[in-house]
Structures are given as structure tokens and as C-alpha cells.
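Please open the model in your viewer and set the display so that single residues can be selected by number. The tour below moves from one selection to the next.

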Amino acid sequence: MRGNGRVALAALIAAALLAGGCVRYVARPLPPAQSLASFEARRPDDAALRERIAAVFPALAGDWPPARWDRAQLFALAAAANPELAVVRAEYDAARAEQAVAGLPADPDLSLQTEYARREQRPWLYGLGLDIPLRTAGQRQLDRAIAGSAVEAARANLLEQAWQVRHRLVAALSAIEARQREQALLAALERLQRQRGDHVARRVAAGEDDAGEQLIAREAQLRAAAARSEAATALAADRAALAQALGLPLAAAAALATDWPDWGRPPPVDAAVLAGRREQALLARADLGAAIAVYSGTERQLQRAVARQYPQVVLSPGYVWDHGIVKLPFALGLHLPVFDRNRGEIAEAEGARALAGTRLLALQARIHGQIDAARDAEAGAAAGLAAAERRAADAREQHERARRALDRGAIDRGEALAAEILATETALDLLHRQADLQAARLALEDALHAPLSGPELALSPAVEDSEESR
């Protein structure tokens, strides 16, 4: 039975080696109540958030949290706290983990066999064998290239998601800036319409005006009150959108004091800078980079499918203790693709490549159209703002003349109120045109996937470098 012992010992050694290299499972439950409590307790000055910000934006972490938040600091906070960005970052890490094992040799299959022959002097047969698929260096290189394309696509998706977070953040912040300024003007307009209504009511009571004038004044007052209420509702929604982009509870986000000194009047962009950004977007915008990586991956998958139409070699060495005789069998096998399944794989890979290529070209054309449309929209918004500025200046001048005339007794209080109401309404229109211009600039930045002004310009290289080093 010494042969039997050798076979059993070999099997035990093989099992021990396999078990010794295994990773133990570690449970990590995630109770919803616990995760909810953790999110609701999140604050901008959390130590964990500060550590993440310091890892990516070390220049911002020295004096954290700031007293007033500019767009760069808010984006740094969102980059550390936004849960949607964390999901895409985890997908990128998963793709890198898959890349680490791509192209490794195929695992062998171990088989154990036994046989009992009653009439033999040594009735037992013991044996073990291995089936080792042989993958060529070219096949393994293709696997590594496919995994590399997946990593590039995941990295581009991460940058794209980071940009989308920034865009939603700045859009919400811009809306909040507009709503806060609008509320002050609407409150003034409501007050003036109330004063005008009281003035008309006195004139109607004195028989100086028709009763219809009082109805018109009352309707104007109600419209002003409704506009102020709608603005307050919209402001609450914008603050919720800001909190969602930041990845913070609403109460924590609403407590942030923000700073945007040039809101509504974005600085002009040099034509050469804009042309360079446009070319970069048309060739390497983040979502376009992901589409390019996906297309590259489908190319490699087609190459692998074509390579699989040839027989695959399988080596099968073994050891057998055959009723007292030691045998060392060795077999050479071929995996034969004889049922045309490989043709289907090739056709599927060709279709995937054609689809990826079509999507890439469609996205590039869409980016081209987005940039041109955004540039035209900004030019139109700038012209609208210039016209609104002229109207507002004329209305302010009329209001000033009416105020002086009221002081001299040349006009009554109703005419002066009408001039002040007109000045306030044109100031509201001017504010809306400023908001339109700022929205047009944000749309242009979104089409380019690049900030054109502001403190975020210093963060763009840091974001890309941090993801390169992950």
C-alpha cells in the first residue's frame, strides 16, 4: 500500500496548497438604518471628508471648512461626499481589479480516480490527473488589452460623472444666486404694488378714479405676491438640488454661505482659449473618451473571437498507481469548435464593434452641435442683457425724474409709484437676463466639459491627476 499512500499524500498536498492560497470571506453588513443615520449626520467639517479632500486637493485642505464657499471649494466637497460619484469610483476600482488578473494562465482542472478489481492481487487503482488549457501569449495579451480598455472606459466614466456633478452643483448654485436676488426685488415690487393699491383705493373713495382702477391695482398686487411665493418655492427646490449635488443633508447644505462675485456677468473668454477647448472637447471629452475606450474594447473582443475559431490545446499529465504498477500518463487534447458557436461569437463581436463605432460618431456629432448651439445662445443672451441694461437705465432715470417732480409737487404719489414700479420691474427683467447669460455660459462649459472662468480652473488638472494616480 505504499503506492496508495503516495497518491493520497500527493492529493492531500495539492488540496492543502489550494486551500492555503484562498482568501477568507469577511462579512460586512450594511443595515439601511445605520447608513441613513450616517448620511444624516454628515457635515462639511467631517474629518473623513477633510481627509478625502486633502488627498485630491491639498491646497484647499489647509483652512477647512472655509467661512464662505466658492465654486472650487464646493466642488471639492462634492468630489469627496457625492454618493453617485462614489459609485462610479467603485466601478473604476472594480475594473482595475479585473485588469490585475486578466491574461493570467488558465487554472488547471484536477481529477482523482479510483478503481477496485476483486480478482487482482492488488485490487485498488489510484490516480490523479490535470487538464491544463494552453493559452497562447497572443490570447493572453488580448485579454489584457480588453481589460485595459475596460479600465480606460471606467476612468473616462469617472471623469464624466465628476463633470456632471460639477455641472449640477454650479447650475443649482447659479439658480440660488438668482432666486435670492429675485426675492429682494419681488418683495420690493409687492410692497410698491400694495402702496399703489392703497393710493388708488383712496382716490376711488374720493370719487377721483373709477372703481375698475382699484381692481386693476388689486390684480397687480396679487400677481406680485404670487410671483414672490413661486420664487420662494423654486429657491427651496434649488437648495435641495445643491444638497443632492454636494452629497449632504439639506440642512447642512443650506447652512453654507456661498460666494460668486461675478455671477450674471461671466468674464469674456479669449478666442484662442475657446478654440483650444473646442478642439479638445471634439477629440477627447470625457464621455467621448469612454466611447473611444468601448470601441477599442470591441475591437479586441472581435480579435479574440476570431482567434477562438482555431483548436485550443489542452495538456493532461497524470499519475496512476495501477494495481501495484506506477504509470505516468500524458495526453494532448484539442478543444474543437465544430458546432459553429464561434461563428456566432464572431458575428456578435462584429455587431458590437459596429454599434460602438456608430455611437462614437453620433456622440462626436452631438458634441459638435452642442458647442455651436451654446456659443450662439451665449451671444444671444449677451445681446438680451445689453438691451435689458438700457431699459433698466431708462427706467431708473424716469424714476429719479418722477421723485424730483414729486418733491416739487408737480405730480402726485400715484405717478411716482408708477415710475418706481416700472424701475423695479425692469430691474427684475435685468436680473432674469443676467441669469440667462449665466445659464448660457454654463451650457457652453457643459458642452466643452471644461470651466472657462472662476476658481475651478485651478482644480481641473488636479482632478485628472488624482484619477490617473488611483
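What follows is a walk through a predicted model, with a selection at each stop.

Begin with helix 12, residues 413-448, whose end C-alpha atoms lie 52 Å apart; because 36 residues at 1.5 Å a residue should span 52 Å, the expected and the modelled values agree. At the start of this helix, select D412 and G414, where a side-chain oxygen of D412 comes to within 3.3 Å of the backbone nitrogen of G414.

Go next to H449, just after helix 12, in the loop that leads from helix 12 to helix 13 (460-468). H449 is not a glycine, yet its phi is positive, at about 55 degrees. Is H449 buried or exposed? With a relative accessible area of 15%, H449 counts as buried, because the cut-off for that term is under 20%.

Now select Q193 in helix 6 (residues 137-205), which is also buried, its relative accessible area being 6%. Leaving out residues up to four places away in sequence, Q193 touches A220, Q221, A224, I421 and E425.

Then colour the largest nonpolar core, which has 45 residues, and among which I53, F57, L74, L77, L169, L246 and L248 touch the most other members. Elements giving two or more residues to this core include helix 3 (47-56), helix 7 (211-246) and helix 12, while the largest share, 11 residues, comes from helix 6.

Centre the view on L246, whose contacts beyond four places in sequence include L74, L77, L169 and L256. Finally, find another core that lies apart from the largest one, with 15 residues, among them L274, L288, A291 and I371.

Conventions:
Residues numbered from 1 in each chain as written. Predicted model: local features only at pLDDT ≥ 70, side-chain atom pairs only at ≥ 80, totals over all residues. Heavy atoms only, no water. Helix = DSSP H or I, 4+ residues; strand = E, 2+ residues; numbered from the N terminus. Expected span 1.5 Å × (residues − 1). Polar contact = N/O pair within 3.5 Å; in protein donor to acceptor, adjacent residues only side chain to side chain. Buried < 20%, exposed > 50% of the residue type's maximum accessible area, 1.4 Å probe, protein only. Contact = heavy atoms within 4.5 Å. Core = buried A, V, L, I, M, F, W, Y, C linked by side-chain atoms within 4.5 Å.
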